[in-house]
Amino acid sequence: MGRPLRVAIIGSGPSGFYAAEALLKQSVPPVSVDMFDRLPTPFGLVRGGVAPDHQKIKSVIAVYEKIAASPAFRFFGNVLVGKDVSTEDLRGLYDQVVYAVGNESDRRLGIPGEDLKGSHSATSFVGWYNAHPDFRKESFDLSVESAVVVGVGNVAMDVARVLAEDPERLKPTDIAEAALEALRHSRVRTVYLLGRRGPAQAAFSPAEIQEIGALESADLVVDPREAALDEASKKDYQDPKNKKNVDFLQERAKAGEGAKPRKVRLRFCVSPIEILGEGGRVRAVKIERNRLALGEDGRVRSEGTGIHETLPAGLVLRSVGYRGIPIPGVPFDEKSGHIPNASGRVLQAAGAAAARPGEYVVGWAKRGPTGLIGTNRADAIETVKLMAEDASSGRFCPASSPDPEAVTALLQKRGVRCVSYADWKRLDAIELARGKERGKARLKFDDVSRMLSALS
Ligand code: NAP
């Protein structure tokens, strides 16, 4: 081709950066990468999703900074694909396009009362305490005694821990100031965590549940009957992760109620069937007890027993998984909530056999909201391998405007205020300095317009 292969990556979270890393390592053909993000700030869920008391996890950013330092890498922050540039524009400017857009929405429960005041997605609570601009205006009523978190994945662990933790321990982190202030005044004393299946099927990692067990501010309370292993769960118990969880919870159940000021009550084999309200606000959650049965696919599933219970609750956070949002001009599988693909090659439509030449997907947008940050690395390598194969066999439509300045000119013409990586490093320095002044790891900007005025 006589020039580097030009690749656009949409999204600057872990999957985008791991795709960039794999692409930039490639020498035949050499690649230049332009990464786009709708926010002026990079790093996706590492910045806006990882809990503030998990600063160590955020240190993975050092890896992404090394990738961004490559002379063949450029960052275009504050550019919304589908509005500021269309996917059609990108197909003209680049030889290959990679969607690394994650899953920006959440799954719903589909039960009555879900839209009452005081019922929220865990995603919005996480975005709020992480100073994500989309959620800065959210408010959560923490003047209530009892909160219910639906789901027992690691996101549920994060939100339950933030609710039950002593706020003074969150102060030195990069938690949003407004969230810290609200948590300081919180009257929440009980956090229920609801697992629809049993302890051997809990999605949380052993480290995450043990962290809740180690809180000084709260007791983790488990009913010994619910922590017991049933017949259907014996196979799941063989998995080392599940075994660790079950053994820990059974031990924990022996400790009883404890004497700490707050309680995290972990329940198993219960499903919410209705959120009950009063004056338009959440007041309780009606749950149904489940029994476990082995499905034909060998997976343990829950079945309602018809036995009901009501838990008092002034706040409900549903934490039952994330879901993708369609990008205009890109196929989307409504059923699975991600971009239909074959090992990372975007398909013409869900269920189609043919791929769209030159379009690829990585991360949660490719495989759904599963796995830890590092899972995205192997996944990105798989996609990039196919991209290299397609590039060398000519299975792509070469850019019609491959000049690297063409994109800058187009965005300028449209009046888009792009944020470069150097700009981001300036914002980063400001946030770190503001944090230092207040004894925090960082004081984040939570508003795009303030970020842009800080840069000008
Ligand atoms: P997740 O791990 O898939 O957990 C979702 C939970 O919701 C499961 O307990 C699931 O139960 C439950 N659920 C789904 N539909 C439900 C329904 N209709 N009613 C009741 N419960 C329902 O998802 P996540 O917690 O959002 O986490 C997403 C990914 O990010 C995971 O891979 C997670 O490990 C990762 N993550 C990691 C960390 C960390 O390492 N610190 C932190 C946050 C997130 P079933 O199992 O029965 O379906």
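**Note on a predicted model: strands, ligand shell and selected residues**

1. In strand β8, the residue that serves as bridge partner of A147 is V191. The model under review is a predicted one, and this residue pair is a convenient entry to the strand pairing around β7. Strand β7, which covers residues 146-150, runs parallel to strand β8, residues 190-194, and the two are joined over five bridges.

2. Strand β7 has a further partner in strand β14 (residues 315-318), again in the parallel sense, with four bridges between them. Within this second pairing, V150 is placed opposite R318 of β14. As background, the strands of a sheet pair through backbone hydrogen bonds, and the pairing may be either parallel or antiparallel.

3. How many of the five residues of β7 are buried? Five of the five are, and the strand is therefore largely enclosed by the rest of the structure. The cover extends to both faces of β7, since S146, V148 and V150 are buried on one side, while A147 and V149 are buried on the other. That division is what one would look for in a regular strand, where side chains alternate between the two faces of the sheet.

4. The ligand has 21 residues around it, and those that come nearest are V152, N154, R196, R197 and G371. Sorted by class, this shell holds ten nonpolar, seven polar and four charged residues. Helix α7, residues 154-164, supplies the largest share of the shell, namely three residues.

5. Several polar approaches to the ligand can be listed with their distances. An oxygen atom of the ligand lies 2.8 Å from an N or O atom in the side chain of R197, and a ligand oxygen is 3.1 Å from a polar backbone atom of V155. For S319, a polar backbone atom is 3.5 Å from an oxygen atom of the ligand. Taken alone, the ligand exposes 920 Å², and the protein buries 80% of that area.

6. A separate open sheet deserves its own point: its three strands follow the order β11-β12-β13, and their pairing is antiparallel. Strands β11 (270-278) and β13 (300-312) stand at the edges with a single partner strand each, so that one side of each is left without a neighbour in the sheet. On average, and with direction ignored, neighbouring strands of this sheet are turned by 20 degrees against each other.

7. Within that sheet, strand β12, residues 281-294, pairs with β13 in the antiparallel sense over ten bridges. One position that may help in locating the register is E288, which stands opposite H308 in β13.

8. Is D219, a residue of strand β9 (residues 218-222), buried or exposed? Its relative accessibility is 6%, and D219 therefore counts as buried, the cut-off for that label being under 20%. The side chain of D219 also makes a polar contact with the side chain of K263, at 2.7 Å.

9. A388 belongs to helix α15, which spans residues 375-392. With a relative accessibility of 18%, A388 counts as buried, because the label applies under 20%. The C-alpha atoms of A388 and S119 are separated by 46 Å, and the two residues are 269 residues apart along the chain.

How values were computed. Residues are numbered from 1 along each chain as its sequence is written. This is a predicted model: local features need pLDDT of at least 70, side-chain atom pairs count only at pLDDT 80 or more; totals for chains, interfaces and linings use all residues. Side-chain values use heavy atoms; hydrogens and water are left out. Two strands pair if DSSP finds at least two bridges between them. Axes are lines fitted to C-alpha atoms, for helices over the stretch in contact, and angles run from 0 to 180 degrees between N-to-C directions. Buried means under 20% relative accessible area, exposed over 50%, partly exposed in between (1.4 Å probe, protein chains only). A residue is near a molecule or strand if one of its heavy atoms lies within 4 Å of it. A polar contact is a pair of N or O atoms within 3.5 Å; within protein, one must be able to donate a hydrogen and the other to accept it, and residues adjacent in sequence count only if both atoms are side-chain atoms. Accessible areas come from the Shrake-Rupley method with a 1.4 Å probe; for residues, only the protein chains shown count as cover. Ala, Val, Leu, Ile, Met, Phe, Trp, Tyr, Cys and Pro count as nonpolar, Asp, Glu, Lys and Arg as charged, and the others, Gly among them, as polar.
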